[in-house]
Amino acid sequence: MLSSNDLSAVNGLPRGPALPNGRIPLTPEFPDGLPPLPEIRSDALRLQVFTHRSFYARPTHVFEDMPDDPSPDNESLEHLGDTVLSLIVTGLLREVYPCLRVGPSTKIRALVVGNPTLAWISVQYRLPERLRMHPAQAITLRASANIQADLFESFVGGLYLDQGLEAVKVWLDVLIRPFLAIAYRVVRVQHGLSPEPPYPYPPTRYARSDTSNTPPPGGNGTSGQMPQTWSIPPPPRMPASIGHLSLFNQHLQQQCKSIEWVYTDSAGQGTKTTPIWVVRAMVEGECLGHGRGSTKKAARNEAAKEGLVKLGIPVP
């Protein structure tokens, strides 16, 4: 869940109004406006996309519809669109940030496809204004962030059935990238890191903007090989620093000294899912280093790095 504290910690990030439940949507700036909303060509699909289940008031306890009488509301399209959206966002994350580990990648995707952000997109496209529902519930449903988000997923599902996956990719590729950039910086802050990446990500070799069906040429000049999705050249690796802890312990053992790790209060410095640990490396009553990190080991490693410097040992 994205809170106002998460966004306020990342300077310069645009933030939208808080929803009634206190959750904050990601709201990047689109100087030229959002990319045009694709048109669903099928009249039947388009009608179903914008039909809430209250419009027909069918019973919800039915296990399965009859083949000659499928449910005419948009719940099945919403279910399909949720899956298609997650697939495309996950693929785009792999393309834009190929070095991300699975945990942070999952958090970034959750922010992008969460109801607050999808509801904001839905309203920008004025989708709720086209929703068909029971008149008695119109005001409540149109104002509901959950319904607005569901409607956007329903549209994605309808477009997928109408024109296929590639058409959805072309549209969402342009739409979603700015949201990924904000979510990436927010999650870095949640992990106790600076908002900016440690190195610039170079453009991938085969950009998604090429919408032709011709596969990119392979290394031998032929087509038909899988395109390389890794950045060219690959991003430089972060220097391996986890060895500072073992090196620090080794030097202290050689001096017949023991170390005490003292953890201090880190309330408010992390989140429920990503706590921040703060530790001091105490040797014979003297603090040789401070450290903080998303795990106890990472915090001790940072403190050990400071300790090595105080011991006069060069560290990378």
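Glu75 lies in helix H3, which covers residues 75-96. The model that shows this is predicted. Glu75 is partly exposed, with a relative accessible area of 36%. Along the chain, Glu75 and Val49 are 26 residues apart. In space, their C-alpha atoms are separated by 8.6 Å.

**The chain as a whole**

The chain has 316 residues, and 36% of them count as buried. Its secondary structure comes to 10 helices and 3 strands. What is the order of the elements from the N terminus on? The run is α-α-α-α-α-α-α-α-α-β-β-β-α.

Now take the contacts with a separation of 6 or more. Residues 24 or more positions apart account for 61% of these contacts. The accessible surface of the chain comes to about 18,000 Å². Carbon and sulfur atoms hold 55% of that surface.

**Helix H3 against helix H7**

Helix H7 spans residues 145-163. The axes of H3 and H7 come within 6 Å and cross at roughly 80°. That angle makes H3 roughly perpendicular to H7. On the H3 side, the contact is made by Leu77, Glu78, Leu80, Gly81, Asp82, Val84 and Leu85. On the H7 side, the residues include Asp150, Phe152, Glu153 and Tyr160. By class, the contact of H3 with H7 has 8 nonpolar, 4 polar and 4 charged residues.

**Helix H4 against helix H8**

Helix H4 covers residues 102-113, and helix H8 covers residues 165-190. They pack at an angle of about 130°, with their axes 9 Å apart. Is H4 parallel or oblique to H8? H4 is oblique to H8. H4 passes H8 in a right-handed crossing.

H4 brings Pro104, Lys107, Ile108, Leu111 and Val112 to the contact. Among the H8 residues they meet are Ile176, Phe179, Leu180 and Tyr184. By class, this contact of H4 with H8 has 11 nonpolar, 1 polar and 1 charged residues.

**Three loop residues**

Some loop residues deserve a look of their own. Here are their places and accessibilities.

| Residue | Loop | Relative accessibility |
|---|---|---|
| Phe50 | between H2 (43-49) and H3 | 4%, buried |
| Arg126 | between H5 (115-124) and H6 (138-143) | 51%, exposed |
| Cys256 | between H9 (243-254) and strand E1 (260-264) | 73%, exposed |

Start with Phe50. Why does Phe50 count as buried? Its relative accessible area is 4%, and buried means under 20%. Which residues is Phe50 in contact with, leaving aside its neighbours within four places in sequence? They are Leu127, Arg130, Leu131, Arg132, Leu151 and Phe155. Phe50 and Pro128 are 78 residues apart in sequence. Yet their C-alpha atoms are 8.2 Å apart in space.

Next come Arg126 and Cys256. Most residues other than glycine have a negative phi. Arg126 has a positive phi of about 60°, although it is not a glycine. Cys256 has a positive phi of about 55°, and Cys256 is not a glycine either.

Are Arg126 and Cys256 buried or exposed? Arg126 counts as exposed because its relative accessibility is 51%, and the cut-off for exposed is over 50%. Cys256 also counts as exposed, at 73% relative accessibility.

Technical notes: Residues numbered from 1 in each chain as written. Predicted model: local features only at pLDDT ≥ 70, side-chain atom pairs only at ≥ 80, totals over all residues. Heavy atoms only, no water. Axes fitted to C-alpha atoms, helices over the stretch in contact; angles between N-to-C directions. Helix = DSSP H or I, 4+ residues; strand = E, 2+ residues; numbered from the N terminus. Parallel < 35°, antiparallel > 145°, perpendicular 65-115°, else oblique. Left-handed = near helix turned anticlockwise from the far one by under 90°. Contact = heavy atoms within 4.5 Å. Nonpolar A, V, L, I, M, F, W, Y, C, P; charged D, E, K, R; others polar. Buried < 20%, exposed > 50% of the residue type's maximum accessible area, 1.4 Å probe, protein only. Areas by Shrake-Rupley, 256 points an atom, 1.4 Å probe, with all protein chains shown as cover.
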